[in-house]
Amino acid sequence: RAIKLGMMPADGIGREVLPSAQRVLQSTPGAPKFEFIQLAAGFEHFQKTGSALPQETVDRLKNECDGAMFGSVSSPSHKVEGYSSPIVKLRKELDLYANIRPVVGVRGTKDDEKFIDSVIVRENTECLYIKSETIESTAEGQVAKAIRQISEKASTRIGKKAFQVALARAEMRAKQGSSATKQGANVTICHKSNVLSTTDGLFRTSVRSVKENDKRENGGEGLFEQITMDEQLVDSMVYRLFREPHVFDVVVAPNLYGDIISDGAAALVGSLGLVSSVNAGDNFFMGEPVHGSAPDIAGQNKANPIASIRSAALLLEYMGYPEPALKIYSAVDEVIREGKYLTPDLGGKSTTSQVEEAILKKLNP
Ligand code: NAI
Ligand code: MG
């Protein structure tokens, strides 16, 4: 039977780049058959109907779909009565507790100077983002406080996810053979437990325990045996990420640190229009470009569709189809390397459609 994917283009350039990703999925040799189910979500839908994420969308995702793709949403910076971000709600409803963001350069371009090929695995459900804030008036003025929640359960499961990602990368590299940029696989735990010894201390020990638990559960010969592990304080992590990005493989981080280092790492590859992500739970995955709805270029056929196309490939990879995913990654890399069809964010003159067309041609020469 066909694989059912819920498609939520949502707002702005999401409506231009998600259809590109859909056409690429449909035309990749070796990809499974798909059935695409268009679902409503986003700020414009909120303005029309009062709901940014209709119950029908959530129900169909849960009951009918095998996976999903999300475009981008235009969340206003000011508070709008009754509005809350559909993407945050989706992550909660579908229990997508990990945000996995590969940051990968393209060999044979200026990326070679500081080549990066890393994946940031960000915890998606807690840390300061539980938004438990209070404010009180004191004799010296107002004092605001936020609670930062780190739990053993969430830290252990994100740690396990990071090791699974590292293992999958090691297998992908083996498939790619000699073109592999790195051998082996490593997980770096990003924390600040020298200062926050209780919260970050728990994150650190929980992630560290994953490997030992795995070994015990599998009777001495753990799945993660071949994966090495180290750690890095978050501040020096940023420093090293910019000086020697090639040293990092898989990085696992609590929510806020993960948010910051992943946007920072994205700067190393030249455009937000290139960076993909997948929101992952235990059994459900949702691909999503890292960029927003880009109102400054929306509706002009100028947006770079690559972030979205790579997110579709990432979704394929996580749904268990690494071969067609690899084909998409190589087609995209070739188009970037040739430099003939690039959108303006990469210094080119091509349209969204032309870049999509060039990638489709590489896939089906
Ligand atoms: P943005 O990512 O939409 O745009 C930042 C800059 O990068 C803009 O100059 C834009 O033109 C450019 N850019 C982004 N994606 C591009 C692409 N594919 N091709 C070419 N250029 C691209 O971030 P911004 O401007 O801070 O936010 C705009 C809206 O998007 C806001 O309403 C914000 O809330 C929302 N947003 C949504 C996200 C999501 O859906 N997960 C993530 C980030 C922002
Ligand atoms: Mg961010």
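**Sheet architecture and helix packing**

Met69 stands opposite Gly287 of β12 in this predicted model. The strands β3 and β12 are paired in the parallel sense, over two bridges. Helix α8, formed by residues 255-267, packs on the sheet, where it touches β4 (98-104), β5 (117-123), β8 and β10 (250-253). The direction of α8 makes about 155° with that of β5.

Both β3 and β12 belong to an open sheet of ten strands with mixed pairing, in the order β2-β1-β3-β12-β11-β4-β5-β10-β8-β9. The edges are occupied by β2 (34-38) and β9 (227-233); each has a single partner strand, so one side of each is left without a neighbour in the sheet. From one strand to the next, the twist averages 25°. A further helix, α7 (residues 234-243), lies across β8 (185-191) and the edge strand β9, and α7 runs at about 105° to β9.

Helix α4 spans residues 86-93, of which Pro86, Ile87, Leu90 and Arg91 are buried. Viewed down the axis of α4, the buried residues fall within an arc of 140° and therefore line one face of the helix. This arrangement may be set against the general geometry of helices: an α-helix has 3.6 residues a turn, so residues three or four places apart point the same way. The cover over the buried residues of α4 includes β3 (67-72), β11 (276-280) and β12 (285-289). Just after α4, Asp95 adopts a positive phi of about 55°.

How values were computed. Residues numbered from 1 in each chain as written. Chains lettered and ligands numbered in written order. Predicted model: local features only at pLDDT ≥ 70, side-chain atom pairs only at ≥ 80, totals over all residues. Buried ≥ 20, exposed ≤ 12 C-beta atoms within 10 Å, placed from the backbone. Helix = DSSP H or I, 4+ residues; strand = E, 2+ residues; numbered from the N terminus. Arc of directions from axis to C-beta. Contact = placed C-beta atoms within 7 Å. Pairing = 2+ DSSP bridges. Axes fitted to C-alpha atoms, helices over the stretch in contact; angles between N-to-C directions.
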